[in-house]
Amino acid sequence: MHTFHKRILKEFKRLQKNPLPGITIKPSETDPNDLSVFVFDITLPPDSDGVLHSIYRSDIYQLRIKITDDYPVDSPEVQFLNSHPGSKIPLHPHIYSNGHICLDLLGSGWTPACSMESILLSIQSMLSTNELAERPPDDQAYVRTAPLNPKKTTFDYHDDNV
Amino acid sequence: MKVNIVDWHGVATWHWKLASNDGKAGYVDELCGICRVPFDGTCPNCKFPGDDCPLVLGRGCIHNFHVHCILKWLEQEASKGLCPMCRQVFVHDPEDNPHSEEFEYLQQLEDGHRLLREKGETTYEE
Amino acid sequence: MIPLSNEIIKSILPTPTLSNHAYGQYSDIENDLQLLLNWLDPCFPIELPRQEQPQQGNNGGAFEIPTPRVKSAIRSCLKDEPSQFDFVKLYCNSMTSNFALYAPQMLQNLPVMETVNNIYTIQEYYSRYLRYLNLNSLASSLFSRHLKSLFYKYLIPDENSPAFLRSLTEYFNENLFSMDKNTELSKCISILQESGLELEVSSSIVSISIERVKSYILRTCSNIWDKPVLQHINQWMQVELYKYFSIIIKPFSSTTALLHLDDLIRIAHNELVSLRISEIFDIVLNFPTSKVALKELYQCISFLSPISGSGVNGPISNTPITSQTHQRQKLVNKFIEKCHAKLLHSGADTIDIITCYSSTIKSFLIIDPKGVLLDKVVRPIRRYLKTRSDIIPKVVYGLLNDDISSNKLIELAQELKKKPTFINNNNAGEDLDINWVPDPIDALPDFKKGKVSDIIESIISIFDSKSVFVNEFTRLFGEELLSLSNYYFDEIVQKSELLKVRFGENEFTTLDIMLSDITKSKTINETVYQTKVPPNSHLVYHPKILSHMYWPMLDKGVSTEEFNLPTSIQEQFTSYSELYADIPFGHGRYLKMVPSLGLAKLELEIQNETFYFEVCPGEAAIIDLFNGDGNDIQLTLDDICSKTGMTVYLATKYIQPWVKRNVLLEIETNSYKPNTSNHEIKSNSNFSEDSKNMMSSEHHKFARMDKLWPLILGMLTNLGPLSITKIQSFLNITIPKDQLESISSSNLTLKEYLDWCEKEKKLQLQQGLYRLWK
């Protein structure tokens, strides 16, 4: 069993009980006895005026969070999935076409005070604030050489304003 | 009638004094930011709360952790010696904590990160 | 060969008989035939001769020895096989028509023996003629079969109401087992056999015998469960029953109808099994008295095999002997049916159900050591027990209480002390088990032998999780720990070690933490009192310092009761807290009082007499308000509430015990003052209302010291009355020093113990000497 099983279990139960708006946990992808892989459906909730202004409209994206052995002192392994039929990777200047995400929180910005919930919220807000439907400039080069595990990559943080 | 209390086998509970904004003790149910277990409980690796799984109070900041939990974090180079909660440099008060292996190790890690930082700054300045 | 039957004969109409041949053409053959016919006439013994006596003429059906002329006529008429067959057919037809005329009166509605004699007469009549006809074997067997079929037809004209068979059975029933009619019986049996009723006779005898065996078993074995019966049955079969058989049945012992003694015994065992099945529920309830019956049931039911000796067509193949599997199934069904009717309903006490559950396990393991039947019968009980809300506390109490007189489930406590016969070891893969054997064929798919055979394991496994039990243990132990008036809990440790074997070490983390809290509290208390407190200050406060997350009772309930303790205690707590923060154990920590938990020892001085009480803090807080040298302190409920900070509910709850003890008097509604007279005061120890708790805590207190009792008893028996110093010095000699220290480490002196023994009427104290109570 994972050393921090209790913490992970708490996080899992919280996400099940109090789902974040626009984010649903897919229990079928999660083994309750193992709790090492979680898959979420992410969509953008409408703004306060009830209208969806995002370029992503109501598209649903799948995000996978893999808990590492050293979680929570080590950040989890996070990426978008396109393996399921119909699922695609959101177009975003910080999201590569293989699903890898260039986000400070997932690397050097991680601390144990963060959680799956904070990751989900960050990524959701990263999408909702974006207006450019494009891939990172080095997407093709990156995807060609990228390791399977997004954590094995060191990203250049291109533009912190996006 | 005269009442004479011969013996009183009372019951009390112990609680950690926490470092907090007003320095007053009392956040009984606060959780360790790393393991998310109450301070008066144990870190994931300990069985007995209290002396076996002591608490460390941040001096620079107001955050508390099970000492075993903060050690795990500070062991990571990526932690840069910062408090997980507020990202200030994490230091504890050696005077305020018992002398034990755990706290000596904590001191070592804090010192280590300090050295790395100083070195980093020098490099940067160069 | 086509058997001769009515139908066939009737189909050939008009039926040709021998007389048809009497008037034909005159020839030698015709002449011979005529002679033969004359000799055979009238082809039926119309008059029934009492004895075989040669008579003149052919009137009256008497037999005549054939003359040489007749003999030669026989030879010429029946010279070859075809003519023999032809002859037999015609002869049979004559017989048939004669039977139709005479048989009803000779064979029907007569007493059995008369019928049998008539049969005999008819048989004899024909057999005499047959002797001279020199028929070949086929023709003669054709004839005798036809004869038998005629007997059968007239003896049992209606298969659905065989009057003759009924009277035959009656006759057998009356005479089979008496010595006086042996010869008659043998004759009767052999005649009937010859007349084609072999099977009927055999099965009648067998069914009578079975009835006999059945009634014998019912008579001698019903409700006899505590002594062996099998041996008696076997003996009776051999000595009493079979001796008749050996006499009667000899005549047909060469046939397939042979009735073996072994078969009879098997039938008897089968009957015993049936009896036991009908009694099974009561047998189980009477365990272990009924052990013998269960063992014999095992012997019978495990070795029930199909009847051997008699072939497939033997008489017993029709008897209701049932297969082993069938009987086992019946046993299970019967038990379950009775369980539902008698046990598994709301009227039954949970303890009785648990007791029965445990007897069921033990009983069925005797009947079927493989545990397959057990597995089936316990399922409904398990399902039902699970719905009983009080099963957990009842089982937990049963497991933990060693007192035979108060613990109805003492068996569980005893079982707990044994090594478990089954430990659920998930690590050892089943595939790797060298001793693996296939499950018995009638086992249910999820059958697990070990799981059903260990009583404690079996009860635990009723619930999906062990934690329901562990929580209850933890809660009980927690209460016990907090009611200690010291820091010693060896007994709890011992019990918890036993429980850990059964429930798994890891399940008891919380209890371990609780125990460690008490141990630490002891150290803290010693440290505080030894190093921090000035030697002559009068401090009585000895707290147990708890890790609040791990004590169930702190979660809810009592711990939420908030009120002020007596000022002196409050003050002592405050200074204790300060001292605590100063010692290493209290480093970085502070203490919070839980006022409602714990135990206070009080002395009340009323009219110069001292009364001793052990009460809960709430009661102590109340009575402390009435402390004063004068007797005039009078308080209303409101006063009490405001002084103690209690709610009205709490205050009332804690005043009541004092009123019951006559320490406080309710002088007017909700207004109280101390009792001024001391003779009505009920001190704790002899106070009946609370006595259960108090007595048990007293017993508990002296439990450790009770190890000394056998020694003291021995001393006083052998040496007569002794002073306390003598007793002490003897104990010092007899018990190793470290043991003695551990026994008396509970702050109790030998004096206190001896005084308690005196109070318990075990000892008497006279002139400074203790003696045994007489």
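**Close-up 1. Where chain A meets chain B in this predicted model.** Let's start at the contact between these two chains, to which chain A gives 12 residues and chain B gives 14 residues. On the side of chain A that touches chain B, the residues divide into 5 nonpolar, 3 polar and 4 charged.

**Close-up 2. The surroundings of Cys102(A).** Here we turn to a single residue of chain A, Cys102(A), which sits in the loop between strand S4 (77-81) and helix H2 (116-128). An unreviewed UniProt entry places the feature "active site" at Cys102(A). Is Cys102(A) buried or exposed? Counting neighbours settles the matter: 22 other C-beta atoms lie within 10 Å of Cys102(A), and a residue with 20 or more counts as buried, so Cys102(A) is buried.

**Close-up 3. Helices H10 and H11 of chain C crossing each other.** Our next stop is a pair of helices in chain C, H10 (residues 261-285) and H11 (residues 291-302), whose axes come within 10 Å and cross at roughly 140°. Because of that angle, H10(C) is oblique to H11(C). The crossing of H10(C) past H11(C) is left-handed.

**Close-up 4. Residues in the contact of H10(C) with H11(C).** Staying with this pair, we can look at the side chains by name. H10(C) contributes His269(C), Leu272(C), Val273(C), Arg276(C) and Ile283(C), while H11(C) contributes Ala293(C), Leu294(C), Leu297(C), Cys300(C) and Ile301(C). Sorted by character, the residues of this contact comprise 8 nonpolar, 1 polar and 1 charged.

Notes
Residues are numbered from 1 along each chain as its sequence is written. Chains are lettered from A and ligands numbered from 1 in the order in which they are written. This is a predicted model: local features need pLDDT of at least 70, side-chain atom pairs count only at pLDDT 80 or more; totals for chains, interfaces and linings use all residues. Axes are lines fitted to C-alpha atoms, for helices over the stretch in contact, and angles run from 0 to 180 degrees between N-to-C directions. Helices (H or I, at least four residues) and strands (E, at least two) are DSSP runs, numbered from the N terminus. Angles under 35 degrees count as roughly parallel, over 145 as roughly antiparallel, 65 to 115 as roughly perpendicular and the rest as oblique. A crossing is left-handed if the near helix is turned anticlockwise from the far one by less than a right angle, and right-handed if clockwise. Two residues are in contact if their C-beta atoms, placed from the backbone, lie within 7 Å. Ala, Val, Leu, Ile, Met, Phe, Trp, Tyr, Cys and Pro count as nonpolar, Asp, Glu, Lys and Arg as charged, and the others, Gly among them, as polar. UniProt positions are given in the numbering used here, feature names are shortened, and annotations may be inferred rather than shown by experiment. A residue is buried if 20 or more other C-beta atoms lie within 10 Å of its own, exposed if 12 or fewer, and partly exposed in between; C-beta atoms are placed from the backbone.
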